[in-house]
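Student: I'd like to learn how to read the contacts between chains and between domains. Could you walk me through it?

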Amino acid sequence: MTRSSLSSLTVAQIRQGLLNGEFSAHELAQCALAIIDQRDTQVHAFLEITDTLAYQAADRVDAMVVAGDQLPILAGVPIAFKDNMNQLGTHTTCGSRMLEQYVAPFTATCVARAIEAGGLPLGKLNMDEFAFGSSTETSAFGFTRNPWDLQRVPGGSSGGSAAAVAAGMATITLGSDTGGSIRQPASFCGVVGFKPTYGMVSRYGVVAFGSSLDQVGPFGKTVADVAEALNAITGRDPQDCTSQEHQTDFSANLDQGIKGMRIGIVPAFLEASGVESEIISATKKAYENLERLGAKLVEIELPNANAAMSAYYVIGPCEAFSNLSRFDSIRYGYCHSDAATLVEQYEQSRAHGFGPEAIRRIMLGSYLLSSGVYERYYYPAQQVRTLITEDYARAFERVESIVTPVSPRAAFKFGEIADPTAMYLSDMFTISINIAGNGGMSLPVGLGETSGLPIGVQIIGPQFKDENILRVGAALESCYDIDRLAPGFSAAGQRRGYSDSPRFAAELASDLCPAASTEGGAR
Amino acid sequence: MKDLQSVLWDWEAVIGLEVHTELTTLNTKMFCSCPIEFGAQPNTHVCPVCLGLPGALPVPNKAAIQSIVLAGLATNCEIMKRSMFYRKNYFYPDMSKNYQITQGPVAFCMHGGLNLEVSGPAAKERLHLEGTQPLGSDGFGAMSGYTTHIGITRIHMEEDAGKMIHVGGSSGRITDAEYSLVDYNRCGTPLIELVTEPDLRTPEEARLFLQKLRQIYLTLDISDCSMEEGSLRCDGNVSLRRRGSTELGTKTELKNMNSFKNLHDGLAYEICRQAEVLESGGTVRQETRHWEPGAKRTITMRVKETADDYRLFPDPDLAPYDLSDEFIQSVRDRLPELPDAKKQRFISDYGLPAADAENLSTDVELSAFFDKALRAASSKAVALAKPIANLLLNDVSAWLNASAVGSEALIMGSIAPEGIAELASLTLSGEISSKQAKEVFAAMVETGDSPLTIVEVRGLKQVNDSSEIERIVLGIISRFPEKVAEYQAGKTGLIGFFVGQAMKETSGQGNPKLINEIFTEKLQEA
């Protein structure tokens, strides 16, 4: 097996290869780790590599293959986790100096489920500090580079998760999305990213940012891969009382097509200021494709969506302020040693342990919850939340899904957006979905006319009807001949469909994975 | 300082209580499955949830919700079908998340109340009885007490914090400690906090209220209610106002009243202190004060210049908690008989005097034992109720107090209810004297034998044969002619001497009542 061919394998192909004896899970792990070794020096998606755990998982899968057991959903699939997900014995830094030394003493439910499903855990992925950001630039441990253009951000906060898939370093990664943190980086890196309906995936073991907004979801190269990942990680968890039972085979209806389906479009979104023309034209092209596939486009209104950003920057910081209070240097985490009193220890440890964006949100939340202020902001924000939720519920009486842009622009350069509030606008189309709690997916729909960078559309579904999203996504996906791997990291090093793209992230000296095909590994 | 009595003549004290109770009878903590155990090795009953590790999430303990609903039903509260958990944010090392999960404006239990019967010496603290119901007279024309209603604002659920030990330094407080240790075993233990309306007017009422609440909680078996071990903690809010005034004065909050006596004495001191401040033209500062039982005074603990800002907001990890009608009904069905109802039953069904009924009903184990003994007495239950009550309130209670086994002995069956019923029956029928009953009870405890066996073996039967007693009486009369003459000359007190002589001759087994009667008769004839 070649390194690049593993990079391009889908979940179904990996499964078939294991069953056919084309390769072992051990070889898959070996090959995936070798790819990371080579490519991540440029991308820096990984904060920790868990090779021992990957080989242990591979051995279990190989034993099942040998025994002729039914293979679990993600058998042999190289996977990796955003670094806000606890995995026993690994670091869980949340991209923060505060947790640089923190080793998780337990495993998050989503991580446990992905590994139980046969995934090979390769490591932990870079992110904006505590998921505060849209570019992964706020990580305390360096930038992650966009595999499509190493001078550009991968988006965020789950930038490492998106970049790892785009660079072919993992087949499936998990990220978390509080205001767009899965969908926006997926769009920037040209991969599929899915934020399920709130409550579909357990949050247990995922370090909280905004508990009422956070949701875990998968990244993958294809809609089918993402559907399999959802099959593995969704479902009620008794340890998260906001999680819900949802028995659906997400892979079942992918080939149903969308003939006759009513799909909502939001004209106001395309007219919003700050939306680049290449985003508008890519979105319109997607609408045309949807119509060609037989869907009926219905114009809908979300009258309160423009208030979503304001509500989000009240609710998010309030919850974050409280969630991050536990990082006080007493039990674990960064401790500033020359404090003379308890209060000094709190102040100095937190002042030095947290980066500027974390401090900004903590202070914002602390202010917004203080007495006299709370009534003026938190209450109205919750009322707005109800109105937006109702907007979506009303819209979904008329349509089965809604398609909008993901981000007002394609990936930007490092340092290009310095003003925090300008950065917040990156999430203008994604935030209202977290406020309402619905599911949403970012699907690549080609490269920007002017930037040549990947652009995605967002497909939104009614609550707990996430299968609608996948069905629309699978249909729309078929209209585009896109290699989901970034050009420099793709199978043939050739950019199908994007012949004018000037960007090669890297030229790889060799595509061969040295150890895999000759040694034979675990068998 | 003036004494309480004279202060309360001029001033009205307005008292409210906040009672924290750990639900110690539960097996596990409020939001995780760690065991609850007092005195375990530090930090052995902890997990990611109660340690507040990043990523851990709380899941409410349903048994704890049942306990608080029981408490609410037993204190006549309205059970709220939808309530929410809130986060109370403040930094302290014993708080693993730096916020405490508690409840917001709507608690599980709201708007309840208890009627408080205040009688005997306790009633004397209250000089003005407006708003109360008289309890009836003591037979000499004076009121023997009153009943007053104490409103309960709410009972809410929250989690307890860990415990800190400050090492080094002289005060035992954090300020001059070399270092501090934290034990998170208690962190996350379910607590219910009951808040009363400011309806209490005297320290005695506060004490009686807390005692009554404790008896209810013990009956519900939701906590061991140990003030010593801190599973029942009570803070008091006190303010004074001039008699006749309806406005509230500035209150102080009183802490460290870890016994019923301390609750009473702390409040009494604070009332007198406030009166002195006010009467000398000063103003009461709103502050938290610490009761020092040794020095018998309260001292300033913390002055509240501004209200603490706990940044309370709904906990997004915990969905609003809905209680179904079926759930509330199922808890109601489990509600045991409460002390007040028990007392009424003892009076109306068994004709016990109010004082006996009160003393029995307020002791969970003793009243349960009483009921068992009555069951053993079966058809004779009504007749035997009073002698059984006498045995329990005198001999059994005295033995329990002396033996240091406590009420465990009743639970563990060291004494059988059947035995007590049998003993009461022997006393009632006159087969043994009450003095002999004491001896039999002592032997029962020692040997475990039944009263009948003991009476048999020791030959303790009371002599009730009147011809036998008459023979003995006549013998004594003939032996003590001078005493007989004195008696007949009017010194009737000598009857005791004659009865004593007869008891001696019957080795204490003569029926004293019968002996007395026969002496009275024969001495008149002689």
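Tutor: Sure. Let's start with a term: a salt bridge is a side-chain nitrogen of Lys or Arg within 4 Å of a carboxyl oxygen of Asp or Glu. Keep in mind that this is a predicted model. Across the interface of chain B and chain A, that rule finds 1 salt bridge.

Student: Which residues form the salt bridge, and how far apart are the closest N and O atoms?

Tutor: B:Asp317 pairs with A:Arg203, and their closest N and O atoms are 3.2 Å apart. Polar contacts are a separate count: 17 residue pairs, both at pLDDT 80 or more, turn up across the interface of chain B and chain A.

Student: Which elements of chain B give two or more residues to the side that touches chain A?

Tutor: Those are strand S4 (85–89) and strand S16 (313–314) of chain B. S4(B) has the largest share, with 3 residues. Sorted by class, the side of chain B that touches chain A has 23 nonpolar, 5 polar and 5 charged residues.

Student: What do people quote for the size of an interface?

Tutor: Often it's the accessible area lost when the parts come together. Here, chain B and chain A bury about 2,800 Å² between them, with 60% of it on carbon and sulfur atoms. On the chain B side, B:Pro54, B:Phe91 and B:Arg311 supply 23% of the area buried against chain A, more than any other three residues. In residue terms, the contact takes 33 residues from chain B and 38 from chain A.

Student: Now inside a chain. Where do the domains of chain A begin and end?

Tutor: The domain assignment gives domain 1 of chain A as 3–300 + 386–519, and domain 2 as 305–378. So you can read domain 1 as two segments, with domain 2 numbered between them. Taken over C-alpha atoms, the centres of these two domains of chain A are 29 Å apart.

Student: How many residues of each domain of chain A are in contact, and how much area is buried?

Tutor: 30 residues of domain 1 of chain A are in contact with 27 residues of domain 2. The buried area between them is about 2,400 Å², and carbon and sulfur atoms give 72% of that. On the domain 1 side, A:Met98, A:Phe132 and A:Tyr424 supply 32% of the area buried against domain 2 of chain A, more than any other three residues.

Student: What about polar interactions between those two domains?

Tutor: The salt bridge count between domain 1 and domain 2 of chain A is 0, while 10 residue pairs, both at pLDDT 80 or more, are in polar contact. On the side of domain 1 of chain A that touches domain 2, the elements giving two or more residues are helix H14 (374–398), helix H15 (420–424) and helix H16 (431–436) of chain A. H16(A) gives the most, with 3 residues. That side divides into 17 nonpolar, 9 polar and 4 charged residues.

Student: And how is chain B divided into domains?

Tutor: Its assignment lists domain 1 (4–325), domain 2 (339–458) and domain 3 (466–525). Take the first two of that list: the C-alpha centres of domain 1 and domain 2 of chain B lie 36 Å apart. There, 7 residues of domain 1 of chain B are in contact with 6 residues of domain 2, and the two bury about 500 Å² between them, 54% of it on carbon and sulfur atoms. In domain 1 of chain B, B:Lys212, B:Gln215 and B:Thr219 lose the most area to domain 2, together 68% of what that side buries.

Student: How many salt bridges are counted between domain 1 and domain 2 of chain B?

Tutor: The count is 2. One of them joins B:Lys343 to B:Glu117, with the closest N and O atoms 2.8 Å apart. Strand S6 (109–119) and helix H3 (203–220) of chain B are the elements that give two or more residues to the domain 1 side touching domain 2. H3(B) has the largest share there, 5 residues.

Student: Last one: why is the pair A:Phe188 and A:Phe412 called edge-to-face?

Tutor: A search of the whole structure finds 31 aromatic pairs over all chains. The ring planes of A:Phe188 and A:Phe412 are at 90°, with centres 5.7 Å apart, so the pair is edge-to-face. The pair links distant parts of the chain, 224 residues apart: A:Phe188 is in helix H7 (residues 183–189) of chain A, and A:Phe412 is in the loop between strand S9 (401–405) and H15 of chain A.

Technical notes. Residues are numbered from 1 along each chain as its sequence is written. Chains are lettered from A and ligands numbered from 1 in the order in which they are written. This is a predicted model: local features need pLDDT of at least 70, side-chain atom pairs count only at pLDDT 80 or more; totals for chains, interfaces and linings use all residues. Side-chain values use heavy atoms; hydrogens and water are left out. Contact means heavy atoms within 4.5 Å. Buried area is the accessible area (1.4 Å probe) that two parts lose on being put together, summed over both. A polar contact is a pair of N or O atoms within 3.5 Å; within protein, one must be able to donate a hydrogen and the other to accept it, and residues adjacent in sequence count only if both atoms are side-chain atoms. Helices (H or I, at least four residues) and strands (E, at least two) are DSSP runs, numbered from the N terminus. Ala, Val, Leu, Ile, Met, Phe, Trp, Tyr, Cys and Pro count as nonpolar, Asp, Glu, Lys and Arg as charged, and the others, Gly among them, as polar. Rings of Phe, Tyr and Trp (its six-membered ring) pair if their centres lie within 6.5 Å; planes under 30 degrees apart count as stacked, over 60 as edge-to-face and the rest as tilted.
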